[in-house]
Amino acid sequence: MRVNSLEFENFRNLEKNKIFTDKNTNVIFGENAQGKTNLLECIWLFCGGHSFRGSAEKELINFNEKFAKIKLEFTSQDREQNAEIRYTGNKKEVFINGVKKKSGASLIEKFSCVVFSPEHLSLVKAGPGIRRKFLDGALCQQKLKYAKYFSKYNQILNQRNALLKDINKHPKLQVTLEIWNENLASFGAYIIAERIKYAEKLKENAKFFHSGISNDRETLDIEYVSTIKEINVDNLEEIKEKFLAELNNKLKDDLYNGYTTVGPHRDDINILINGMKAKNFGSQGQQRSAVLSLKLSEATVLSEILEEKPVLLLDDVLSELDSKRQDYLLNKIDGYQVFITCCEHNDKKQLQDGKLFVVNQGRITEE
Ligand code: ATP
Ligand code: MG
């Protein structure tokens, strides 16, 4: 998958323009607040989702204007295609190959990107909720069944938690807990098995990328840590039994707390560099490299599903990285089209092949 050109009008602070992109690496260079992230966001919007900054759609329109228009020409499955999105206030219109679509969701099947932005550093730095969200987000995107089971699991979990609180007041209700345990364990077993399988795939690819970024100096490892022990991913019935046993073991705690203390909603992934937790012991550069490796690994797994490589949007990745690590990102990611922003003259000089775009107060020029 690759972007061939990008056109925009009244999009955030970007001056009306059409740019023709390189099929491999595109560096977007400029000082702070010039429009680099806006340009990446513009590409990202063609994936059919919302702004990766979580902005409302009307915020995408230039402050002084009433509408915005963005257009992408891209190649997917060896076919040249185009998509256009028009924003007018709270309304959005999507056209694919000139045909108006009912909703933006139709873009999802057409064009895909993986984005890294500095907020993703929380994957290493923050608590387990972010890491679970990373796994669940990817799995929900890949498998409809996972999305359904995940939503079911959360519903049942909420109901079980409400019941735990009620039992404290009305102990007779305890007999009804069994049915919720049964359902929770059924859906939960599937979620755990899928997450472990996905984490295994991520691990292999992330190892490969991290060793590239770190010049073979570091080993990255990812391990799924479940509240249910000794899991055989090929035996859902056995996982369910273990989950049920653990729910019974923790019943006192759960009743005391008024919520469920075991299950995939309490699981985590450990991100280890040279065997040590990146969160506690990793340097800034190591943490950044680990998250980048995870995101690149996510892109690789996605490529297998799409049978095509998604476009990589790397925002502000180069800061905190030494020149060898930067060189890997700029020149050694094979087969992907990459868009990478930077604000240091020295960083952009490292680009060996590809296009350099300079952004100055919303005006984009090719160098
Ligand atoms: P940094 O290096 O600091 O990340 P950047 O080049 O990535 O900077 P952007 O995030 O792309 O900068 O934003 C550039 C400018 O766009 C901001 O100063 C912001 O005020 C402006 N901007 C955002 N939305 C709009 C809008 N709807 N209309 C006009 N300008 C906007
Ligand atoms: Mg930015």
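This talk goes through the surroundings of the ligand first, and after that a few loops and helices elsewhere in the chain. Please keep in mind throughout that the structure is a predicted model.

Let me begin with ligand 1, which is surrounded by 16 residues, the closest being Ala-33, Lys-36, Thr-37, Arg-53 and Ile-61. If we sort this shell by residue character, we find 3 nonpolar, 7 polar and 6 charged residues. As for individual polar atoms, the side chain of Arg-12 places an N or O atom 3.1 Å from a nitrogen atom of ligand 1, and the side chain of Asn-32 places an N or O atom 2.9 Å from an oxygen atom of the ligand. From Glu-59 the partner is a backbone N or O atom, which lies 2.8 Å from a nitrogen atom of ligand 1. Taken alone, the ligand would expose 660 Å², and the protein buries 76% of that area.

There is also an annotation to set beside these distances. The unreviewed UniProt entry lists a "binding site" made up of Gly-30, Glu-31, Asn-32, Ala-33, Gln-34, Gly-35, Lys-36 and Thr-37.

Two residues of that annotated stretch can be compared in their settings. Asn-32 sits in the loop between β3, residues 25-29, and α1, residues 36-44, and with a relative accessible area of 57% it is exposed when the protein chains are considered. Thr-37, in contrast, belongs to helix α1, and its relative accessibility of 18% puts it among the buried residues, because the limit for that class is under 20%. Beyond its sequence neighbours up to four places away, Thr-37 touches Phe-52, Arg-53 and Asp-315.

Moving on to backbone geometry, the general expectation is that most residues other than glycine have a negative phi. Asp-78 has a positive phi of about 60 degrees although it is not a glycine; this residue is found in the loop between β4, residues 67-76, and β5, residues 79-88, and it is exposed at 78% relative accessibility. Asp-316 also has a positive phi, near 55 degrees, and its place is in the loop between β12, residues 311-314, and α10. With a relative accessible area of 30%, Asp-316 is partly exposed.

That loop leads us to helix α10, which spans residues 323-331 and whose buried residues are Arg-325, Gln-326, Asp-327, Tyr-328, Leu-329 and Leu-330. What do these buried residues of α10 pack against? Their partners are β3, α5 (177-213), α9 (284-306), β13 (338-342) and α11 (345-349).

In the loop between α10 and β13 we come to Gln-337, which is buried, with a relative accessible area of 2%. Its side chain reaches the backbone oxygen of Asp-22 at 2.7 Å. Leaving aside neighbours within four places in sequence, the contacts of Gln-337 include Met-1, Arg-2 and Val-3, and also Val-311 and Leu-312.

Another loop residue worth looking at on the screen is Thr-260, located between α7, residues 251-257, and β10, residues 268-273. Is Thr-260 buried or exposed? It is buried, at a relative accessible area of 1%. The side chain of Thr-260 makes a polar contact of 3.0 Å with the side chain of Arg-160, and among the other residues it touches are Leu-157, Asn-161, Leu-164, Leu-184 and Leu-247.

I will finish with two pairs of residues that are separated along the chain. Asn-205 is found in helix α5 and counts as buried at 18% relative accessibility. Its C-alpha atom is 4.9 Å from that of Ser-297, although the two residues are 92 places apart along the chain. Apart from neighbours within four places in sequence, Asn-205 is in contact with Ser-297, Thr-300 and Val-301. The second pair involves Asn-235, in the loop between β9, residues 220-225, and α6, residues 236-249, where it is partly exposed at 27%. Here the C-alpha atoms of Asn-235 and Ala-193, which are 42 residues apart along the chain, are separated by 8.6 Å.

How values were computed: Residues are numbered from 1 along each chain as its sequence is written. Chains are lettered from A and ligands numbered from 1 in the order in which they are written. This is a predicted model: local features need pLDDT of at least 70, side-chain atom pairs count only at pLDDT 80 or more; totals for chains, interfaces and linings use all residues. Side-chain values use heavy atoms; hydrogens and water are left out. A residue is near a molecule or strand if one of its heavy atoms lies within 4 Å of it. A polar contact is a pair of N or O atoms within 3.5 Å; within protein, one must be able to donate a hydrogen and the other to accept it, and residues adjacent in sequence count only if both atoms are side-chain atoms. Accessible areas come from the Shrake-Rupley method with a 1.4 Å probe; for residues, only the protein chains shown count as cover. Ala, Val, Leu, Ile, Met, Phe, Trp, Tyr, Cys and Pro count as nonpolar, Asp, Glu, Lys and Arg as charged, and the others, Gly among them, as polar. UniProt positions are given in the numbering used here, feature names are shortened, and annotations may be inferred rather than shown by experiment. Helices (H or I, at least four residues) and strands (E, at least two) are DSSP runs, numbered from the N terminus. Buried means under 20% relative accessible area, exposed over 50%, partly exposed in between (1.4 Å probe, protein chains only). Contact means heavy atoms within 4.5 Å.
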